[in-house]
Structures are given as structure tokens and as C-alpha cells.
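Student: I am new to this structure and would like a close look at one part of it. Could you take me through the strand in the middle of things and show me what surrounds it?

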Amino acid sequence: ISCRGSALLGYIGIDTIIEQMRKKTMKTGFDFNIMVVGQSGLGKSTLVNTLFKSQVSRRSTGWSRDEKIPKTVEIKSVSHVIEEGGVKMKLTVIDTPGFGDQINNENCWEPISKYINEQYEKFLKEEVNIARKKRIPDTRVHCCLYFISPTGHTLRQLDTEFMKHLSRVVNIIPIIAKSDTLTLDEKTEFKQRVRKELEACGIECYPQKEFDEDMEDKSDNDKIREAMPFAVVGSDKEYQANGKRILGRKTAWGVVEVENPNHCEFSLLRDFMIRSHLQDLKEVTHNIHYETYRAKRLNDNGGLHPISSGQDTQESNL
């Protein structure tokens, strides 16, 4: 151990800061807010339930004959506290029923953009209060899973419009839903085509190249960018295969194993989103997207006046 070139005389204990931070996080828990966007019938709720191995997202079975498709995009959110290994996470799943289900889907991204910005505004108002809460409830969208229909052809105009407008305000992760409907060759070609189209439209999905912190970061993120969009299959049904219980989708030809990397890229998506980049998704939301909103808002307004504490929003239940 050295301090400006001179050796320390003994152990100080500064390395225990990591353990201190861990203990504090375990006590307070944390928020993670995930938005799912895509046409109905693409298995959005099923995939989120598969990701978190619990019924965290309400499943809508599409629109019944008697039920009218909503004329506008609705925003519905449901929250759960998930605990694993002593760590508590308040997970909020934000669904967007009605998106892409109209004959004319022009500007159907607007209610979603409005919702995302409203959460930034809510956080900002709490921040500029004179008597601030010790811990501001965080309802900001940390991650938006965008479900691409497995057509095997090209992206629809709706897809490019949505991602073009929203990639500047939220972390978008594009995924090809129900990818078991494509052959291996179709899947590979479709993924390449989608990447080229996103590049041609100037759409940067998460993780964005400009936010790579160092060469190691760049190397890890390049592998993820090359694998996008993730071709996934979701299922919360268990089957017996090779003497083990596995999550999968049963077909006439056998079982599509959700967590088998030879069958689909679900495990790649899960490891990336939860096991390696969850904290970074939160940091990019706070340091980049929210900061951009905050700077613009304060600039336009010539500074915000403190909001009276009577308008307190609901405390986080963590």
C-alpha cells in the first residue's frame, strides 16, 4: 500500500468501505423501474415474469371480442418488493397497453414520452424542495424493453419512430419477441438487418458508445451491442427435460428451453440487464437522461422555485 509514493506503516481499513456500502444498501433496498413497450400478443408480461422468476407483471390476454382496444396508449404500473439474499428491490413494471394496436399508430409514442418526462419532473420537484426528503422516491424509468415483432423482414416505421424519439430520454433495450417462430438463419439475418437499420436512423440503444468509461467497459459493451437485438423466448411454464425441471415452451418438435443459450438469447439478456448492468442502467438514467432533462428545465425556467412540502409525493415503501 502506498500514499503518494511512500509506504503506509500499517493497515488502515479503507477497503471496508465496500462492505459498509453493501450493508447500507441491504438495509435500505433500491428501486428498479422497467417499462415494456410493444404490440399486444408479443409476450411482454410473460418475459418480465420469466426475467424475475415471479408473477410481477399482470398478463393481459389480448383484447376479447367484447373489449374495445383503447383509442390511446394507456400507462399502467404495478410494483412488487422482491427479496433475494437479503437484498430488497422494489420492482415497478410499467406496461403500455394500446401501443401499436391501432390502424393509425401515428405519434403513439407521445403518451410514453410524456410519462417518462413526468417522472423526471416529479423527481426534480422533490430535489428543489427546501425541506427535502432524505430519500426521494424514484419513479424514473431506468430501462425500456422494446419488443420487435418477429417478422423476419425489416423494422416497421412505428419501431424506428418510437426508438428515434425515445432513445434520447430513456435506456432502450430492443428485443425480438417470440423468436422461436424464426429459423436460425432467419434470426441471424433479421438481427443484422435490425442493427443496420438502427445505425442508418442514428438510433443508439443502451449501452450507448459515448458512455463507455474505459477500454474494459468498451470491450464488454461491444459484445453486448453485437448481440443486439436479443432474440428471446419467454415462458413461466415448467417441463421435464433430461431429468431436470426447466422453463420452456412446448412444441410438436420438443421443448424450447428458455435458459438454454443454444435455443434463445434469454439468458444473455438476463445476465446483461440484471447481473452486470442493473446499477449502470440506474446511473445512466440519473447522470445522463435525468441530468439532461434537469438542465433544460432549469434553463427554460430561469431556475425552479422550491415546491411547498404540502405536495409531497407518496413515500417509497422500501
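**A close look at strand S7**

Tutor: Happy to help! Let us begin with the surface: the protein chain exposes about 18400 Å², and carbon and sulfur atoms supply 50% of it. Please keep in mind that this is a predicted model. Buried residues make up 45% of the 318 residues in the chain. You will find 8 helices and 11 strands in the chain. Of the contacts with a separation of 6 or more, 71% are between residues 24 or more positions apart.

Now to the sheet that holds S7. It is an open sheet of 6 strands, in the order S4-S5-S3-S6-S7-S8, and its pairing is mixed. The edge strands are S4 (76-84) and S8 (230-231), each of which pairs on one side only. In the order of the sheet, S7 sits between S6 and S8.

Look at S7 itself, residues 172-176. This strand is mostly covered, with 5 of its 5 residues buried. Ile172, Pro174 and Ile176 point one way from the strand, while Ile173 and Ile175 point the other way. That fits a general pattern: in a regular strand the side chains alternate between the two faces of the sheet.

Next, the neighbours of S7. On one side is S6 (143-148), which runs parallel to S7 and is joined to it by 5 bridges. Within this pairing, leucine 145 has isoleucine 173 of S7 as its bridge partner. The connection also involves a helix: S6, helix H4 (residues 157-166) and S7 make a right-handed β-α-β unit. S8 is parallel to S7 too, and 2 bridges join them. There, isoleucine 175 has phenylalanine 230 in S8 as its bridge partner.

Several of these residues reappear when we turn to the packing. The largest nonpolar core has 38 residues, and Leu145, Ile173 and Phe230 are among those with the most contacts inside it, together with Phe32, Phe52, Leu269 and Met273. S7 is one of the elements that each supply at least two residues of this core; the others include strands S3 (30-37), S5 (87-95) and S6, as well as helices H2 (44-51), H6 (215-227), H7 (266-276) and H8 (278-301). A second, separate core of 36 residues includes Ile172, along with Val73, Leu155 and Phe162. So S7 has Ile173 in one core and Ile172 in the other. As a general tendency, nonpolar side chains in soluble globular proteins are buried together.

What follows the strand? Serine 179 lies in the loop between S7 and helix H5 (184-200). Serine 179 has a relative accessible area of 1%, so it counts as buried. Leaving out residues up to four places away in sequence, serine 179 touches Lys187, Ala231, Val232, Val233 and Cys264.

From S7 we can follow the largest core to two more of its surroundings. Phenylalanine 32, one of the residues with the most contacts in that core, touches Phe52, Met89, Cys143, Met273 and Leu278, among others, not counting residues up to four places away in sequence. Leucine 278 has its place in helix H8. Because its relative accessibility is 9%, leucine 278 counts as buried. Apart from neighbours within four places in sequence, leucine 278 is in contact with Phe30, Phe32, Met89, Phe272 and Met273. Leucine 278 and cysteine 143 are 135 residues apart in sequence, yet their C-alpha atoms are 9.0 Å apart in space.

To finish the sheet, go to its other end. S4 and S5 pair in the antiparallel sense over 9 bridges, and glutamate 84 stands opposite valine 87 in S5. Helix H3 (residues 110-127) lies across S3, S4 and S5, running at about 170 degrees to S3.

One more sheet is worth finding. It is an open sheet of 3 strands in the order S9-S10-S11, with antiparallel pairing. S9 (238-241) and S11 (254-257) each have a single partner strand, so one side of each has no neighbour in the sheet. S9 pairs with S10 (residues 244-251) over 4 bridges, and glutamine 240 has arginine 245 in S10 as its bridge partner.

Methods: Residues numbered from 1 in each chain as written. Predicted model: local features only at pLDDT ≥ 70, side-chain atom pairs only at ≥ 80, totals over all residues. Heavy atoms only, no water. Core = buried A, V, L, I, M, F, W, Y, C linked by side-chain atoms within 4.5 Å. Buried < 20%, exposed > 50% of the residue type's maximum accessible area, 1.4 Å probe, protein only. Contact = heavy atoms within 4.5 Å. Areas by Shrake-Rupley, 256 points an atom, 1.4 Å probe, with all protein chains shown as cover. Pairing = 2+ DSSP bridges. Axes fitted to C-alpha atoms, helices over the stretch in contact; angles between N-to-C directions. Right-handed = clockwise from strand over helix to strand, strands pointing away.
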